[in-house]
Amino acid sequence: LEKAKLKAQKNNDLREQANLCNRLGEVLARHGEFEEAIREHQQELQLSEALSDVIGRAIANRKIGECLAEIGNYAGALKHQRRHLELARSVSNDIEEQRAWATIGRTYLYIYETDQSRESLKEAENAFRKSLAIVDERLEGKASRHELSEMRARLYLNLGFLYDNLKEADKCNHYICKSVFIAEYVLPVG
């Protein structure tokens, strides 16, 4: 990927450079190299700005936010994740808006792990519910059935974790069971 990125730089192919920065950032993040991943995604963001690529900017902000959340910089994470949300909304991209809300919800779950605040859980619940509403009301025909099932399964799982933290066993069980059902019976077929 590094060689390909250098070739794209040499050819002044900004779009390919941005794409390769995204992919390098993802690989680095998967290996726990979050600071390096952030640098790649920041470069991706700059390239997307130069290209006037709104969705590229949105995705780069989401990726930066995810990495910042992983290293415990929650204020920075939420700043980038909210920017992701703003950009997605500015071009009416429902899929990215859904992802933004889901990512914001996960960050509030991370915050809860450190502050044990009921307010963090309420923020997470609000974000997950907004994300789920988008999946249910606006994504039919915009994403494959398989993708929609994956989105629902992740959101149900996150809601299960949330209700576990709120000590609401019935709701926790309900959402975990829904997530498991999708994972076991819907996704393998998709």
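## Exercises on a helical model

Phe181 has its place in helix H9, where helices (H or I, at least four residues) and strands (E, at least two) are DSSP runs numbered from the N terminus. This is a predicted model, in which local features need pLDDT of at least 70 and side-chain atom pairs count only at pLDDT 80 or more, while totals for chains, interfaces and linings use all residues. Residues are numbered from 1 along each chain as its sequence is written, and side-chain values use heavy atoms, with hydrogens and water left out.

**Exercise 1. Determine whether Phe181 is buried, partly exposed or exposed, and which nonpolar surface patch includes Phe181.**

Step 1: The relative accessible area of Phe181 is 48%, so Phe181 counts as partly exposed, given that buried means under 20% relative accessible area, exposed over 50%, and partly exposed in between (1.4 Å probe, protein chains only).

Step 2: Phe181 joins Tyr185 and Val186 in a nonpolar patch on the surface, and together these residues have about 310 Å² of accessible area. Patches are made of residues with over 30% relative accessible area and no salt bridge, like charges being joined within 9 Å and nonpolar side chains (Val, Leu, Ile, Met, Phe, Trp, Tyr) within 5 Å; the areas come from the Shrake-Rupley method with a 1.4 Å probe, and for residues only the protein chains shown count as cover.

Step 3: Val186, a member of this patch, is also touched by Ser149, which has Ile182 and Leu187 among its other contacts when residues up to four places away in sequence are not counted; contact means heavy atoms within 4.5 Å. Ser149 itself lies in helix H8 and counts as buried, at 12% relative accessibility.

**Exercise 2. Describe the largest nonpolar core and state which helix gives the most to this core.**

Step 1: A nonpolar core is a set of buried Ala, Val, Leu, Ile, Met, Phe, Trp, Tyr and Cys residues joined through side-chain atoms within 4.5 Å. The largest one here has 44 residues, and those with the most contacts inside it are Ile104, Phe128, Leu139, Leu162 and Tyr163.

Step 2: At least two residues of this core come from each of the helices H3 (34-50), H4 (54-70), H5 (74-90), H6 (94-115), H7 (118-138), H8 (145-165) and H9 (169-186). With nine residues, H6 gives the most to this core.

Step 3: Leaving aside residues up to four places away in sequence, Tyr163 touches Glu125, Arg129, Glu168, Lys171, Cys172 and Tyr175.

**Exercise 3. Work out where Gln17 and Gln43 lie and which residues each one touches.**

Step 1: Gln17 is found in helix H2 (residues 14-30) and counts as buried at 6% relative accessibility, whereas Gln43 is in helix H3 and counts as partly exposed at 23%.

Step 2: With residues up to four places away in sequence not counted, Gln17 touches Lys5, Ala8, Gln9, Asn12 and Leu47; on the same basis, Gln43 touches Lys5, Gln9 and Cys21.

Step 3: Gln43 and Ala18 are 25 residues apart along the chain, and their C-alpha atoms are separated by 7.3 Å.

**Exercise 4. Explain which parts of the chain the salt bridge between Glu26 and Lys63 ties together, and find the salt-bridge network that includes Glu96.**

Step 1: Side chains of opposite charge can pair when their charged atoms come close. By the rule used here, a side-chain nitrogen of Lys or Arg lies within 4 Å of a carboxyl oxygen of Asp or Glu, and a search of the whole structure finds 17 salt bridges.

Step 2: In the bridge between Glu26 and Lys63, the closest N and O atoms are 2.5 Å apart. Because Glu26 lies in helix H2 and Lys63 in helix H4, the pair ties together parts that are 37 residues apart in sequence. Glu26 is partly exposed, at 27%, while Lys63 is buried, at 11%.

Step 3: Glu96 pairs with Arg99, the closest N and O atoms being 2.7 Å apart, and both lie in helix H6, three residues or about one turn of the helix from each other. Glu96 is buried, with a relative accessible area of 4%, but Arg99 is partly exposed, at 30%.

Step 4: A network of salt bridges links Glu96 and Arg99 with Arg62, Glu66 and Arg106.
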